[in-house]
Amino acid sequence: MLDWKSLHKTINGVDRIILSTHENPDGDGLGSAYAMYHYLKSQGKDCRFIHISDLPFEYEFLNTNDVIETFSADQHTDWIANAELALIFDVGDYRRMRQIGDVLESNKIHVVNIDHHPDLSDGRFAENYIDIEAAATGEMVYDFMVANDIELTKEIADGIYTGVMTDTGSFCYSNTNQKCHQIAMDCIGAGVNTSAIYQSVYESSSKGRVALLGLILNNLNYNETGELAWFTINQSMMDEAGASKKDVDGFTDFVRTIRGVEVAVMVFENSEDSCRINFRSKGKYIINGIAKAMGGGGHQLAAGAVAKGSLDEVLPKVLSETQAALANQNGHPE
Ligand SMILES: [Mn+2]
């Protein structure tokens, strides 16, 4: 059990608090920080929720009164420099805060990591609250509220529910358990409109996203056994579809839904010399070791990495690492 009362004490002792999450934020990071933001506001704290990316369209519903801010050095550096505490949610890796992490570090801010990703022992977190058993960081925020007898307001519950819903694939993935459903029940009790959140997140695809999905599905690749499926996205596909970077989220989950596919892999050409890689597994294979070998990390069945190099350079490496890992886990090391 994590000592959530101790975190509460830390919060009570300060006034100015920055909340943040990882770049390319997802529903868990955003929902967790949003829930905590509203608790801190209710306590009269001088807090701001600042992250490094643009807010994805499907999470605009969390942005009531424009409380979610995108970092800009001009607007935020001085304010962050005078913060007494930083609460970072779902980040996975300190570096995924980008410039916000640099500002925190250079001003020696007390940074608390609240996460269900494995501990990377990055010395820059002053405190770590890590629970790799938690289905979502939103579940940990729920634990914090319960441990400190904090009532779930509608806003707090909206954030927690969004985190748990998105990280469990709407309560379908293998990490879903009784507690996830208990949290959902408590959130509904607090007034959360679950179908409205579902629609905002999953039924608001841009036309560019759907066009890009069409291009991907026409160019899917399988290994001999059909257990591994992979696809690539390059800049010309992005241009042809009129898609933006955030449109690619969730494609790997979709490819995993194909019958017989155990592992789905995406290699996305971020720029001429950088690729973003996503791994998803149905459960037969553990894939975060592959992500780690590529310089990334994540959960056993959902992981990722950012690798230096062009698509043509990175793809063969990803495929050989993945094929080797699958063979190894089948008891046939190459
Ligand atoms: Mn998460």
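Biologist: Which hand does the crossing of α6 and α7 have?

Modeller: The crossing of α6 and α7 is left-handed. Please note that the structure is a predicted model.

Biologist: How should such a pair of helices be described, and what are the values for α6 and α7?

Modeller: In general, two packed helices are described by the distance between their axes and by the angle between those axes. Here, helix α6 (residues 154–167) and helix α7 (residues 178–189) have axes that come within 9 Å and cross at roughly 150 degrees. Angles over 145 degrees count as roughly antiparallel, and α6 and α7 are therefore roughly antiparallel to each other.

Biologist: Which residues in α6 and α7 meet?

Modeller: From α6, the residues are A157, I160, Y161 and V164. They meet C180, I183, A184 and C187 in α7. By class, this contact of α6 with α7 has eight nonpolar residues, with no polar and no charged ones.

Biologist: I should like to apply the same reading to α1 and α5. At what angle do their axes cross?

Modeller: The axes of helix α1 (residues 4–12) and helix α5 (residues 137–147) cross at roughly 80 degrees, and they come within 9 Å. That crossing makes α1 roughly perpendicular to α5. The contact is made by W4, K5 and L7 of α1, together with D143, F144 and A147 of α5.

Biologist: How do the residues of that contact divide by class?

Modeller: The contact of α1 with α5 has four nonpolar and two charged residues, and no polar ones.

Biologist: Let us turn to the whole chain. Into which domains is the protein chain divided?

Modeller: Domain 1 covers 4–202 and domain 2 covers 207–329. Their C-alpha centres lie 27 Å apart.

Biologist: How is the boundary between two parts usually sized, and how many residues of each domain are in contact here?

Modeller: The size of an interface is often given as the accessible area lost when the parts come together. For this model I can offer residue counts: nine residues of domain 1 are in contact with six residues of domain 2. On the side of domain 1 that touches domain 2, three residues are nonpolar, five are polar and one is charged.

Biologist: How many helices and strands does the protein chain have, and what radius of gyration?

Modeller: The secondary structure comes to 13 helices and twelve strands. The protein chain has a radius of gyration of 20 Å, which agrees with the value near 20 Å for a compact globule with 334 residues. Along its principal axes, the C-alpha trace spans about 60 × 40 × 40 Å.

How values were computed
Residues numbered from 1 in each chain as written. Predicted model: local features only at pLDDT ≥ 70, side-chain atom pairs only at ≥ 80, totals over all residues. Axes fitted to C-alpha atoms, helices over the stretch in contact; angles between N-to-C directions. Helix = DSSP H or I, 4+ residues; strand = E, 2+ residues; numbered from the N terminus. Parallel < 35°, antiparallel > 145°, perpendicular 65-115°, else oblique. Contact = placed C-beta atoms within 7 Å. Nonpolar A, V, L, I, M, F, W, Y, C, P; charged D, E, K, R; others polar. Domains from an automatic or database assignment. Left-handed = near helix turned anticlockwise from the far one by under 90°. Rg over C-alpha atoms; globule rule 2.2 N^0.38 Å.
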